[in-house]
Amino acid sequence: MNFKDPPPPKTHQPYIEKDIETLKKRPNEWAFIKNSKSQGVAHPFKSKGCKTTTRKQPDGTFDLYAMWVVDDDAIPPAS
């Protein structure tokens, strides 16, 4: 056993903040964000207040879609 301080926490990729600012400019509209190997890619967006959904692709990866919600009644369904 070694006693030492843990490394600093990882920060979110810079694209997340930029993407959220872009989503805020077009609220209540779904946007394709990226393709990823994991559904966990949605978590940073959810934790910042976005609505998200992922869709599994034939190759096993996941497409992430997100939106900034202003009016819950105006949200188009994620089909």
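L64 touches A31, F32, I33, K34, V41, A42, F45, T52, T53 and T54, leaving out residues up to four places away in sequence. L64 also belongs to the largest nonpolar core, which has eleven residues. The model is predicted. A search of the whole structure finds three salt bridges. D63, a buried acid, has none.

**Nonpolar core**

- The eleven members of the largest core are I16, I20, L23, I33, V41, A42, F45, C50, L64, A66 and W68.
- Helix α1 and strand β3 each supply at least two of these residues.
- Four core members, I33, V41, A42 and F45, are listed among the contacts of L64.
- The contacts of L64 also include K34, T52, T53 and T54.

**Helix α1: two faces**

- I16, I20 and L23 are buried in α1.
- These three residues lie on the same side of α1, because they cover an arc of only 60° around its axis.
- The cover over the buried residues of α1 includes β1 (31-36), α2, β2 and β3.
- The face turned away from the buried side carries the exposed residues P14, K18 and K25.
- I16, I20 and L23 are also members of the largest nonpolar core.

**Salt bridge E17 to K48**

- E17 and K48 form a salt bridge, with the closest N and O atoms 3.1 Å apart.
- This pair links distant parts of the chain, 31 residues apart.
- E17 sits in helix α1 (residues 14-25), while K48 sits in the loop between α2 (43-47) and β2 (50-56).
- E17 is partly exposed, at 38% relative accessible area.
- K48 is partly exposed too, at 35%.

**Salt bridge E21 to K24**

- E21 pairs with K24 in a salt bridge, the closest N and O atoms being 3.8 Å apart.
- Both residues lie in helix α1, three residues apart, or about one turn of the helix.
- E21 is partly exposed, with a relative accessible area of 43%.
- K24 counts as partly exposed at 37%.

**Salt bridge E29 to R26**

- The side chains of E29 and R26 meet in a salt bridge at 2.7 Å, N to O.
- E29 counts as partly exposed, at 35% relative accessibility.
- R26 is exposed, with a relative accessible area of 51%; the cut-off for exposed is over 50%.

**D63: buried, without a salt bridge**

- D63 lies in strand β3 (residues 62-68).
- D63 is buried, and its nearest side chain of opposite charge is R55, 8.8 Å away.
- A salt bridge requires the nitrogen and the carboxyl oxygen to be within 4 Å, so D63 and R55 do not form one.
- The side chain of D63 makes a polar contact of 2.7 Å with that of N35.
- A polar contact of 3.2 Å joins the side chains of D63 and Q57.
- Beyond its neighbours within four places in sequence, D63 is in contact with F32, K34, N35, T53, T54, R55 and Q57.
- F32, K34, T53 and T54 appear among the contacts of both D63 and L64.

Technical notes:
Residues numbered from 1 in each chain as written. Predicted model: local features only at pLDDT ≥ 70, side-chain atom pairs only at ≥ 80, totals over all residues. Heavy atoms only, no water. Helix = DSSP H or I, 4+ residues; strand = E, 2+ residues; numbered from the N terminus. Buried < 20%, exposed > 50% of the residue type's maximum accessible area, 1.4 Å probe, protein only. Lys, Arg positive; Asp, Glu negative; His and termini not counted. Polar contact = N/O pair within 3.5 Å; in protein donor to acceptor, adjacent residues only side chain to side chain. Contact = heavy atoms within 4.5 Å. Core = buried A, V, L, I, M, F, W, Y, C linked by side-chain atoms within 4.5 Å. Arc of directions from axis to C-beta.
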